[in-house]
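Here is a walk through one protein chain. Keep the structure in view as you read.

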Amino acid sequence: SMRPLVVTARNKSIEQRMKHYCLFHRYATLVMSTNNNNKMCSSKSSKASSISSSWFYFIAILPLPLLLILYSQLLRSTIAPPPSDHGTGSMFDIIATRYDFINRALALNLDMGWRHRLVAEVVGSNGELFTKSQEDVKLLDLATGTADVAILLGKAAAKYSSSSSATTINSAVLGLDPSQNMLNVGKTKVQESDLTNIVTLELGDARKLNALQDDTIDAATMSFGIRNVPEKEQALCEINRVLKKGRMDKGWPQLAIMEFSEPGEDSGVMGSMARAFIRHVIPSMGALLSGAPREYMHLQKSIQEFPSPPEFVKLIEGVKCPIKSTEDDGEVQFFGRFRVKEVVNLNFGSVQIYLATPYLNKYVTE
């Protein structure tokens, strides 16, 4: 009566050994590119094969994060760190043709969703910026790069502008960037989107908007660019100068800045993972994909050194931009300032959208 039990146990032992053998065989197939023509393993059920394959892939990619961390440490030890002002137009000229692809890869294809949210915050969920305006709407996208945000703004203008017709749209989007190569990529994308009658791209610096007159822009955006500007207060004052004032009751922000930051120590498990991703995966993967390790070391460094959200809100609201009188004496009568209405947190606290409105503060002497 004990014999069937012995046979059953023996069969289970053989089956277990076969599973281990097939496990090793699949791992060798995956890692060493051997031919998967073993007949004993091919006879397994599809369900067992699927489960085993999942484990093999998991085991195979398990060392990847460690390898990326080691590679990022190697980069730091062998390449001189870039200066704080490295994020200029010339730097982006080097990586312009691969910029979009690398962006999507490093952001796990989430970055366009963030840009859609940025544009929705500015124009309104139903295009209120256009539909409630009694005049043409002029938008400014700074650090426009390859024009992702400018194109989204242009599409919103085409869809919602109340002054549009079948052939003419009077609302306009101006995208400025210090990198000519980035703009060249962006111009091609604008043409492919059939928005050349709405979106214009030009060389420009956020710190010197000399071509724009005071109080002429309805709303301004800047995505992942302010951290590359050494003189942030100067750029904010230039933006304040060109934005139309006295529209705080309209219900939408006139300035939207989207930027990375390192999640704090109290950001939980996902925030800690996002922080490790920024510190190690971005520079190593960016270097591997672009062949420009110094540029992506700068990206990680600029994020690490960027003010925390509370600190950046304080910086935005702390700027005092002198506005001189138009009279002959040219004395300062007002200060241009910003009031931050909201900070939208995305991606476990590693991305923020700062929504602000400009206003005038009367200059008072003691």
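The paragraphs below go from the whole chain to its cores, a helix, a set of strands, a disulfide and a loop.

The model is predicted. Its chain has 366 residues, and buried residues make up 45% of them. The fold is built from 13 helices and eight strands. About 19,700 Å² of the chain is exposed. Carbon and sulfur atoms supply 55% of that area. Now consider the contacts with a separation of 6 or more. Residues 24 or more positions apart account for 73% of them.

Next, the interior. In soluble globular proteins, nonpolar side chains tend to be buried together. In this chain, the largest nonpolar core has 49 residues. Which residues have the most contacts inside that core? They are Trp-114, Val-123, Leu-129, Phe-130, Leu-139 and Val-199. Take Leu-139 as an example. Setting aside its neighbours within four places in sequence, Leu-139 is in contact with Leu-129, Phe-130, Leu-153, Ala-172, Val-173, Leu-174, Ile-217 and Ala-219. Another core, of 30 residues, lies apart from the largest one. Its members include Leu-212, Met-222, Ile-316 and Cys-321.

Ile-316 leads to helix H13, which spans residues 309–318. Its buried residues are Pro-309, Phe-312, Val-313, Leu-315 and Ile-316. Look down the axis of H13: these buried residues fall within an arc of 160°, so they line one face of the helix. The face turned away from the buried side carries the exposed residues Pro-310 and Lys-314. What covers the buried residues of H13? The cover includes helix H10 (232–242) and strand E5 (255–260). Strands E7 (332–346) and E8 (351–362) are also part of the cover.

Follow those last two strands. E7 and E8 pair in the antiparallel sense over twelve bridges. Glu-342 stands opposite Leu-355 in E8. The two strands form a hairpin, with four residues between them. In the turn, Asn-347 has a positive phi of about 55°. E7 also pairs with strand E6 (residues 321–324), again in the antiparallel sense, over four bridges. Here Lys-324 stands opposite Val-332 in E7.

Strand E6 also takes part in a covalent link. A disulfide is a covalent bond between the sulfur atoms of two cysteines. How many disulfides are there? The count comes to one. Cys-237 and Cys-321 form it, with their sulfur atoms 2.1 Å apart. The pair links distant parts of the chain: Cys-237 lies in helix H10, and Cys-321 lies in strand E6, 84 residues apart. The angle about the S-S bond is -85°, and the link is left-handed. Is Cys-321 buried or exposed? Cys-321 has a relative accessibility of 5%, so it counts as buried. Cys-321 is also among the residues of the 30-residue core.

Last, a loop. Ala-292 lies between helix H11 (268–290) and helix H12 (293–305). Although Ala-292 sits in a loop, it counts as buried because its relative accessibility is 5%. Which residues does Ala-292 touch, not counting those up to four places away in sequence? They are Ile-94, Ile-95 and Ala-287. Ile-95 is 197 residues from Ala-292 in sequence. In space, the two are 7.4 Å apart, C-alpha to C-alpha.

Note on methods. Residues are numbered from 1 along each chain as its sequence is written. This is a predicted model: local features need pLDDT of at least 70, side-chain atom pairs count only at pLDDT 80 or more; totals for chains, interfaces and linings use all residues. Side-chain values use heavy atoms; hydrogens and water are left out. Buried means under 20% relative accessible area, exposed over 50%, partly exposed in between (1.4 Å probe, protein chains only). Contact means heavy atoms within 4.5 Å. A nonpolar core is a set of buried Ala, Val, Leu, Ile, Met, Phe, Trp, Tyr and Cys residues joined through side-chain atoms within 4.5 Å. The arc is that of the directions from the helix axis to the C-beta atoms. Accessible areas come from the Shrake-Rupley method with a 1.4 Å probe; for residues, only the protein chains shown count as cover. Two strands pair if DSSP finds at least two bridges between them. A disulfide is a pair of cysteine sulfur atoms within 2.5 Å.
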